[in-house]
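Trainee: I should like to request a close look at a single part of this structure, the place where its chains meet. Please describe it in a connected way, with each term explained.

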Protein chains: 2
Amino acid sequence: MARFKGQAEYSVDAKGRVAIPAKMRAALSPDAQQTFTLTKGFEQCIYVYPLDEWRIQEDKLARLNSYDRESRLLVRMMLMWAEEISLDGQGRVSVPRTLSDYAGLKDRALIIGAIDRIEIWDPVVFEDYLAGASSNPEELAERVMGSGP
Amino acid sequence: MARFKGQAEYSVDAKGRVAIPAKMRAALSPDAQQTFTLTKGFEQCIYVYPLDEWRIQEDKLARLNSYDRESRLLVRMMLMWAEEISLDGQGRVSVPRTLSDYAGLKDRALIIGAIDRIEIWDPVVFEDYLAGASSNPEELAERVMGSGP
DNA sequence: TGTATGGTGGGGAAATGTGGGGAATACTCC
DNA sequence: GGAGTATTCCCCACATTTCCCCACCATACA
């Protein structure tokens with residue numbers, strides 16, 4: 001299982017390409033085959049799953065019953081944004097227009113490692129997100145993880 | 001098994017032809033032989049099954065008890081609209097009039113991948129469908145998939 | 001100071017979506 | 001039943017986008 005961490009701020013070029021940090025590329029399993037699935041993330045960002053991690057998500061959706069109304073809705077909402085993208089020779093992904101619009105990407109992108117996926121944010125959007133959260137790491141950790149050792 | 005995902009908005013030309021996105025064509029198994037079965041979908045859209053996936057759906061219907069009134073009704077409703085269509089040289093399907101009327105297709109079509117099938121929507125109809133759902137993916141995922149890891 | 005690594009930018013070839021013409025087929029109305 | 005009309009299918013042509021490759025520059029490291 002991949003374990004992505006760290007952050008980097010890179011440029012978004014005129015063709016909508018964003019580099020994946022070399023450190024994170026190094027963390028890829030061979031099964032991932034230099035291929036990612038980009039999709040809409042919770043909050044205003046783009047999720048970037050390596051091929052093998054994405055398969056896990058997709059399998060969950062595939063097991064749903066397509067004769068159930070809410071299952072159909074979920075499959076549509078989750079999959080319509082997903083797109084499979086391979087790295088180019090320079091280790092970049094080209095971000096589809098629909099996703100870059102959603103995330104509000106302009107000329108710079110903030111890349112964040114998040115365990116089993118990578119996230120792409122517009123730097124300003126991310127700053128606002130943190131500001132809006134208005135909670136310091138200490139308090140948040142207590143609430144989420146519990147206060148035990 | 002095919003794994004369709006992603007979205008694309010294409011034009012519906014004067015002859016009622018709609019292109020199938022190249023990415024989705026690439027996901028076809030060789031068994032599908034560039035042939036699809038189009039039929040009326042749940043909610044106001046058109047289902048597009050590759051040949052091999054359609055066989056699976058048909059088998060499900062075949063296994064139903066034909067002495068059951070509701071089973072007979074379901075079989076009729078599913079099959080009466082089904083039509084086998086091959087791609088033309090440019091990777092397009094020509095949508096039968098009855099189905100395009102049902103889906104409310106005009107000059108633009110939204111194509112979305114949904115695991116084992118492709119769906120064709122009128123962009124406005126789809127927008128209304130999502131708006132009517134009044135539920136965000138986060139909540140829905142929790143309800144449908146369960147909140148477990 | 002030379003070398004390897006990593007990010008940035010751009011040019012050209014191939015692929016993809018779009019529109020239309022014309023032959024073959026089916027359909028309808030007289 | 002036949003002529004006219006509409007529809008379907010197959011092919012070609014064009015414009016745009018995408019993809020792949022190469023070159024450049026900056027930084028880190030030895």
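Mentor: The structure holds one cavity of 30 Å³ or more, a cavity being a set of points, on a 1 Å grid over the protein atoms alone, where a 1.4 Å probe fits but cannot get out. Its volume is about 40 Å³; here grid points are joined across faces, edges and corners, and a volume is the space filled by probe spheres set on the points. The lining, meaning residues with an atom within 4 Å of a point, draws on both chains: A:Ser66 and A:Tyr67 from one, and B:Phe42, B:Tyr47, B:Tyr49, B:Gln57, B:Met78 and B:Arg117 from the other. Five of these residues are nonpolar, two polar and one charged. In this division Ala, Val, Leu, Ile, Met, Phe, Trp, Tyr, Cys and Pro count as nonpolar, Asp, Glu, Lys and Arg as charged, and the others, Gly among them, as polar.

Before going further, note that this is a predicted model, in which local features need pLDDT of at least 70 and side-chain atom pairs count only at pLDDT 80 or more, while totals for chains, interfaces and linings use all residues. Residues are numbered from 1 along each chain as its sequence is written, chains are lettered from A and ligands numbered from 1 in the order in which they are written, and side-chain values use heavy atoms, with hydrogens and water left out.

A:Tyr67, part of the cavity lining, leads on to the interface itself. There, 30 residues of chain A are in contact with 32 residues of chain B, contact meaning heavy atoms within 4.5 Å. About 2800 Å² is buried between the two chains, and carbon and sulfur atoms give 63% of it; buried area is the accessible area (1.4 Å probe) that two parts lose on being put together, summed over both. Of the area that chain A buries against chain B, A:Tyr67, A:Arg76 and A:Met80 supply 27%, more than any other three residues.

Charged and polar pairs also join the chains. Ten salt bridges are counted between chain A and chain B, each a side-chain nitrogen of Lys or Arg within 4 Å of a carboxyl oxygen of Asp or Glu. One of them links the side chains of B:Arg3 and A:Asp59, at 3.1 Å from N to O. On the chain A side, helix H2 (51-62), helix H3 (69-79) and strand E5 (83-86) each supply at least two of the residues that touch chain B. H3(A) gives the largest share, eleven residues. Helices (H or I, at least four residues) and strands (E, at least two) are DSSP runs, numbered from the N terminus. By class, this side of chain A has 16 nonpolar, four polar and ten charged residues.

The second largest pocket contains about 330 Å³ of space. A pocket is an open set with protein on both sides within 12 Å along at least five of seven lines. Among its 18 lining residues, A:Glu83, B:Lys5, B:Gly6, B:Lys23 and B:Met24 lie nearest its centre. E5 of chain A, together with strand E1 (7-11) and helix H1 (22-26) of chain B, are the elements giving two or more residues to this lining. H1(B) provides the largest share, four residues. The lining of the second largest pocket has ten nonpolar, three polar and five charged residues.
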